[in-house]
Amino acid sequence: MTLSTHVTVGAGELPALQAAMRDAQTAAADYYGQTARNNSIDDLGTPVRRFLVAAQTVNDLLTNSVSDSATYERITSSGSHRGARVIRGVKYVRNVAQHLAHVIRPRDEHVLIGGVLGLRIYTFWDEVPATVHAQLRPATQRLKADYDALLLGTNVTDTMLETLSFFSEVAPGIPHRDQRGEWTGFPLMSQPGVKDRLHPEEPTNEKDARTWMDERRPNGDVRVICGQLTKDGTRYLFGHTFTGRLSYTPFVETAEQLGRDVAAGFPYVVGDVLANTVDRTEDLPHVAQGAVFESCGDIATWTAPVPSSGWDEDWVDERTASIWHGVVEMDRGEGIFASSAYLIRRARRLNAVVPYSP
């Protein structure tokens with residue numbers, strides 16, 4: 001008999017779990033967003049502690065409040081899943097924060113990354129002093145080995161994503177999702193040049209991550225096609241991704257990938273972006289990674305459906321042709337873009353350049 005690796009969650013049990021997951025997801029997103037806002041370590045401690053409480057709530061619900069808790073107990077006690085040890089480490093430090101007079105926050109030593117495209121602070125889990133540990137109950141003290149092995153000195157964001165990923169793996173229906181079907185609070189905003197994950201579902205291996213990106217719908221509300229170029233026999237469609245009436249990033253997709261996106265239900269239209277938008281970049285100083293365009297009206301009023309068979313001939317507006325040639329080269333990883341092509345595509349495909357807003 002094959003033992004289940006998924007916890008069965010009843011319809012009546014789901015709302016509480018999704019609510020707790022939403023709390024954990026938004027705390028993680030808030031923490032990451034605050035790392036780009038020049039906050040102090042003490043300020044960053046607030047969303048960290050919120051995350052610990054919410055994550056332990058999910059853990060408690062799966063342990064004690066679902067009818068299939070035996071499956072969760074088997075998964076977490078078997079030692080076969082790294083995520084289970086991460087959860088035990090999270091439980092340890094959450095118990096410290098909740099029961100003892102010791103403030104849990106990232107340690108003072110940190111890394112600052114960035115430049116003209118924005119700065120971000122990367123922080124790490126701190127040591128729990130021996131005098132504090134000695135005050136804990138024996139059952140909690142036994143969790144310290146997991147904390148020390150998998151959290152201590154680790155990037156705080158990585159732990160948050162690993163925790164959320166584990167919960168999703170063992171109970172796939174519990175992540176809280178927005179109206180587009182995306183995890184609430186995700187993806188995190190791309191930090192140029194940094195390969196760290198931006199999403200709980202994102203694989204750590206680049207090859208697997210590329211497959212994951214291509215098999216999921218792109219983020220955003222609609223993509224407006226501005227032209228087509230053929231390179232080495234491959235047709236590339238390009239344009240702007242809009243969220244609401246704002247576009248923060250261009251996109252480039254092969255004709256085949258665009259076809260898969262459309263089949264998955266993502267809307268692509270065609271229109272003259274240059275003639276129907278205004279450049280809002282100067283009005284939004286917190287946006288550092290590119291130009292922002294705002295549609296002058298409802299996007300549907302100046303766009304048209306994409307021809308069912310696409311375009312046999314290449315086309316591009318002469319006013320922006322040189323720019324789009326560069327954008328396509330960047331996506332293909334040509335020349336100086338070879339080492340960063342994956343990160344650029346990830347940011348565009350996930351629409352992970354939209355600034356954080358609490």
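The legends below describe a predicted model, first as a whole chain and then in close-up views. Residues are numbered from 1 along each chain as its sequence is written, and side-chain values use heavy atoms, with hydrogens and water left out. Local features need pLDDT of at least 70 and side-chain atom pairs count only at pLDDT 80 or more, whereas totals for chains, interfaces and linings use all residues.

**Figure 1. Overall dimensions and composition of the chain.** The chain contains 13 helices and ten strands; helices (H or I, at least four residues) and strands (E, at least two) are DSSP runs, numbered from the N terminus. Its C-alpha trace spans about 70 × 50 × 35 Å along the principal axes. The radius of gyration is 23 Å, which agrees with the value near 21 Å for a compact globule with 358 residues; the radius is taken over C-alpha atoms, and the globule rule is 2.2 Å times the number of residues to the power 0.38. The accessible surface comes to about 16800 Å², and 52% of this area belongs to carbon and sulfur atoms. Areas come from the Shrake-Rupley method with a 1.4 Å probe; for residues, only the protein chains shown count as cover. Of the 358 residues, 48% count as buried. Buried means under 20% relative accessible area, exposed over 50%, and partly exposed in between (1.4 Å probe, protein chains only). Among contacts with a separation of 6 or more, 70% come from residues 24 or more positions apart, where contact means heavy atoms within 4.5 Å.

**Figure 2. The hairpin of β1 and β2.** Strand β1 covers residues 111-115 and strand β2 residues 118-122, and the two pair in the antiparallel sense over five bridges. Strands are said to pair if DSSP finds at least two bridges between them. The connection from β1 to β2 is a hairpin through two residues. Gly115 has Gly118 of β2 as its bridge partner.

**Figure 3. Surroundings of Asn219.** Asn219 is in the loop between α9 (206-215) and β3 (222-231). Its relative accessibility is 10%, so Asn219 counts as buried. The Asn219 side chain reaches the backbone oxygen of Leu350 at 2.9 Å. This is a polar contact, defined as a pair of N or O atoms within 3.5 Å; within protein, one must be able to donate a hydrogen and the other to accept it, and residues adjacent in sequence count only if both atoms are side-chain atoms. Leaving out residues up to four places away in sequence, Asn219 touches Glu182, Pro187, Thr241, Phe266, Arg349, Leu350 and Asn351.

**Figure 4. Gly220 in the loop between α9 and β3.** Gly220 is placed in the loop between α9 and β3, and counts as buried because its relative accessibility is 9%. The C-alpha atoms of Gly220 and Glu182 are 9.7 Å apart in space, while the two residues are 38 apart in sequence. Not counting residues up to four places away in sequence, Gly220 touches Arg180, Thr241, Phe242, Thr243, Phe266 and Asn351.

**Figure 5. Backbone geometry at Pro187, Asp232 and Asn351.** The peptide bond from Phe186 to Pro187 is cis, with omega near 5 degrees. Pro187 lies in the loop between α8 (156-170) and α9. Asp232, in the loop between β3 and β4 (234-243), is not a glycine but has a positive phi of about 50 degrees. At 72% relative accessibility, Asp232 is exposed. Asn351 is found in the segment after α13 (341-349), and its phi is also positive, near 55 degrees. Asn351 has a relative accessible area of 7% and is buried.

**Figure 6. Cys226 and Cys296.** The structure holds zero disulfides, a disulfide being a pair of cysteine sulfur atoms within 2.5 Å. For Cys226, the closest cysteine sulfur is in Cys296, at 14 Å, which is too far for a bond. Cys226 counts as buried at 11% relative accessibility, whereas Cys296 counts as exposed at 52%.

**Figure 7. Gly10 and Asp68.** Gly10 belongs to the segment before α1 (14-34) and is partly exposed, with a relative accessible area of 26%. The C-alpha atoms of Gly10 and Asp68 are separated by 8.7 Å, with their positions 58 residues apart along the chain counted as sequence distance.
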